[in-house]
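Visitor: I'd like a close look at one part of this model, please. Could you walk me through it?

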Amino acid sequence: MIKAESSDRAEAAFVLLIMQSLFWLIAGISAVPFAIAGEVFMAPLAVATMLLALLTCLVAIGIVWRRRWARGLAIAIEAVCLFGSAVLLLIPLGFNRGPVSLMVNVLLPVAVILLVRKDEGAYS
Amino acid sequence: MFDISPDHAIALYTGMLAIPPALFLLKVRLAGRAVPGTVLAASVLMAVAGAIHLGLVWTHLGEPVTAVLFVLNGISYLVLSQLFTWRWWRIASAGLITMTLLGYLGFIVLGFDSPDQVALATKLLELTTLGLVLVPVRGEARKPHRGWRWSALGVAVPLLTLMTSSVVWVIDLARPDAQHVHAGAVLQSTNDVATPEQFAAAQRLYDQTAAAIAPYTDWHVAWAAGYRPGGPQDQPSTHWMNPRYAAYVMDPRHPQGLVYANSKHGPVLLGAMFQMQHLGQFGPDPGGPLTAWHQHQNICFTPFGVEFSLMTPTATCPLGAIDVSVPPMLHVWIVDNPGGKFAVDIDSRVVKQIDQG
């Protein structure tokens, strides 16, 4: 039998943040061929996306170490993501509404916020 | 990749239907026992993955090997979802998930299946479950192999996520179906080979359009008619759009857009573009396969430089770009385009030649 003595929400949030970081890393890498093909603005966007992936990875580590700054940053990142997704879902631009898009852009940020929102006292 | 295959759709429902019984079983089995939330979450997600695989059996009865693999996989997931107190649960679960992911990649590489939204969603679910299975939790009574688990988590999850996304994307681009032969665009469904009547109708549309837009070879006339560049003119070509003509449907005298090459001598007319007003609403198709409309979908658009890339299989775009889809369009190229008079794109060599000429 496995027993838990303290909250493990942080570890669950860590896993989700690592997944999100990987999704952004893939998005950053995906822009590189377009930058090479002559879309010059894609180069800085690719770099910025990969830096965001790195930041999210660091936040995930901070969360698992129960750091207060990481908790704040995680909530901020996910709130911005959710806001962006909500706007794109509301305006008629053809934003993808498939299950993968909803899982990655809506469900995942909501889950991270719910996981780190509680247990404020566990973070220092 | 961004569609739901009809024979996979049922699995979405079986997966969702599995959540209430999985939660109920956990509640019954947990009475008085403390188990980490990560383990419980992994248990529920494995039950969902199992139900998804079992849901696929009914629509794959015609493929016995695939159906048997789905049954074995589904049952294994369901059994492991309930064995979370077993000593070897973590290693067995991690092994099953890894084998399932690699097996699926092998399956699509060998051409037995095409990636779709149900498959991709299931793979993301499995990758998340793998992370939850491996992640060590603070305060665990037993602390078996924490170092190994952190190492496995740090290697397996990133590696398998990158591998899954890359293979799915490469397969999707390398082996598109008839409606997705152009990356980032979906083509209108038509008959395979044009009939003589369709050839004649396509030629008629071409002649009428070419004659109607001839005055616009002088871009000042187009400007006076209300056409405006829809992007920067430092690109090889630019679509000039006329919002006044939005409501016309494939009217050669009122095309929604004109395409100009941005040559050093000024804009050179390449052709016209008809566009519908709503997503998924394909226009009339007099020439059958010759005049199939196309809809750009799931492209990542950035206002910086008005540039595009493609949305990833994990439904993300680079920072500063947003996922957009554009209503169906049909181009009519009045210059000699190797891809054809109604091709999705103008050949870049043609534009280069015009620029140099």
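Visitor: Which residues of H3(A) are buried?

Guide: Happily! Residues are numbered from 1 along each chain as its sequence is written, with chains lettered from A and ligands numbered from 1 in the order in which they are written. This is a predicted model, where local features need pLDDT of at least 70 and side-chain atom pairs count only at pLDDT 80 or more, while totals for chains, interfaces and linings use all residues.

In H3(A), the buried residues are A:Ala70, A:Arg71, A:Ala74 and A:Glu78. Buried here means that 20 or more other C-beta atoms lie within 10 Å of a residue's own; 12 or fewer makes a residue exposed, anything in between partly exposed, and C-beta atoms are placed from the backbone. An α-helix has 3.6 residues a turn, so residues three or four places apart point the same way.

Helix H3 itself covers residues 68-90 of chain A. Helices are DSSP runs of H or I with at least four residues, numbered from the N terminus, and strands are runs of E with at least two. The 23 residues of H3(A) should span 33 Å at 1.5 Å a residue, and its end C-alpha atoms are 33 Å apart, so the two agree. That expected span is 1.5 Å times one less than the number of residues.

As for what lies over the buried residues of H3(A), the cover includes helix H1 (9-36), helix H2 (42-64) and helix H4 (99-117) of chain A.

Chain A also meets its partner: 55 residues of chain B are in contact with 44 residues of chain A, contact being C-beta atoms, placed from the backbone, within 7 Å. On the chain B side, H6(B) gives the largest share, eight residues.

Definitions and conventions
Two residues are in contact if their C-beta atoms, placed from the backbone, lie within 7 Å.
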